[in-house]
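Dear colleague,

Please find the structure below. My notes on the ligand site and one helix follow.

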Amino acid sequence: MTDFTLYYWPLPFRGQFLRAAMAFAGASWDEPGVDAVAEVKDRAPPDQPVPFMAPPLLVDHGAGVSIAQMPAALAWLGGRFELMPADPALAALTHKIVADANDVLDEVTRFGGRSMWTREEWDGFAGARLPRWMEIFEQTGRAHGLTREGGYMLGTPEPGLADLVAAVLWVTMTDKLAGLRPMLEARAPAIAALGERVMARPALAEMRAETDARFGAAWCGGQIEASLREMLD
Ligand SMILES: N[C@@H](CCC(=O)N[C@@H](CS)C(=O)NCC(=O)O)C(=O)O
């Protein structure tokens, strides 16, 4: 039996953060297919492992815990794998960084594709809020000693949850949507470098290669990914 089961779509989007934390910690997990993900998502709340709205859903078999909402599941894994800083202020900052990452995913995808991008709205977003998000990550890291050459988001000697989240967010997005890479390099060069350093760790490089093979060029999927690609072409 695996340590965990991850119910998530075959995409390197929200669930990718949980994959990265599990891979980094050397944990094993299985991922039921799309039909099983849809089935557990559509069950009546009393029949779900934990009442929830949308994947990712993580089941920790050893602890007998099921948890949804990406930030909550990441907090669980962060505690389980000792990826959280001991300093309460830095732990709170880690939670804030996770929430920021989830906000970025929502904003780039217009809250799960509730509407498609228009050229005017994309240009506004790509000219203001998106680079500002990049700068927010950059400045958070720099304030704790991160440079292009080395260091980690919160000044720890080894990568923690904040580093995994920053790396998965920005490396995956700019890998799959390559048109955004120059903006990241310009606005958040230390984050771009951190992301590559962290994702080059053997366990994460293996996870990335495996998910690239499974999911190809896809990022968030659906019509909103097509809309994003239209904006970036
Ligand atoms: N706030 C939730 C958002 C979950 C979410 O939007 N999941 C998407 C995939 S990334 C989904 O499956 N949406 C389908 C739905 O909401 O019905 C989280 O952070 O986990």
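The residues around the ligand, meaning those with a heavy atom within 4 Å of it, are Tyr 8, Trp 9, Phe 13, Arg 14, Lys 41, Ala 54, Pro 55, Pro 56, Gln 69, Met 70, Pro 71 and Asn 102. This is a predicted model, in which local features need pLDDT of at least 70 and side-chain atom pairs count only at pLDDT 80 or more, while totals for chains, interfaces and linings use all residues. Residues are numbered from 1 along each chain as its sequence is written, and side-chain values use heavy atoms, with hydrogens and water left out.

By class, the shell holds eight nonpolar, two polar and two charged residues. Here Ala, Val, Leu, Ile, Met, Phe, Trp, Tyr, Cys and Pro count as nonpolar, Asp, Glu, Lys and Arg as charged, and the others, Gly among them, as polar.

Three side chains make polar contacts (pairs of N or O atoms within 3.5 Å) with the ligand. Gln 69 has a polar side-chain atom 2.6 Å from a ligand nitrogen. For Asn 102, an N or O atom of the side chain is 2.7 Å from a ligand oxygen, and for Lys 41 a polar side-chain atom is 2.9 Å from a ligand oxygen. The ligand alone exposes 500 Å², and the protein buries 68% of that (Shrake-Rupley method, 1.4 Å probe).

Arg 14, listed above as part of the shell, also belongs to helix H1, residues 14–24 (a DSSP run of H or I, at least four residues, numbered from the N terminus). In H1, 10 of the 11 residues are buried, that is, under 20% relative accessible area with a 1.4 Å probe, protein chains only. Among them are Phe 17, Leu 18 and Met 22. Just after H1, Gly 26 has a positive phi of about 75°.

Regards

Methods
Polar contact = N/O pair within 3.5 Å; in protein donor to acceptor, adjacent residues only side chain to side chain. Buried < 20%, exposed > 50% of the residue type's maximum accessible area, 1.4 Å probe, protein only. Helix = DSSP H or I, 4+ residues; strand = E, 2+ residues; numbered from the N terminus.
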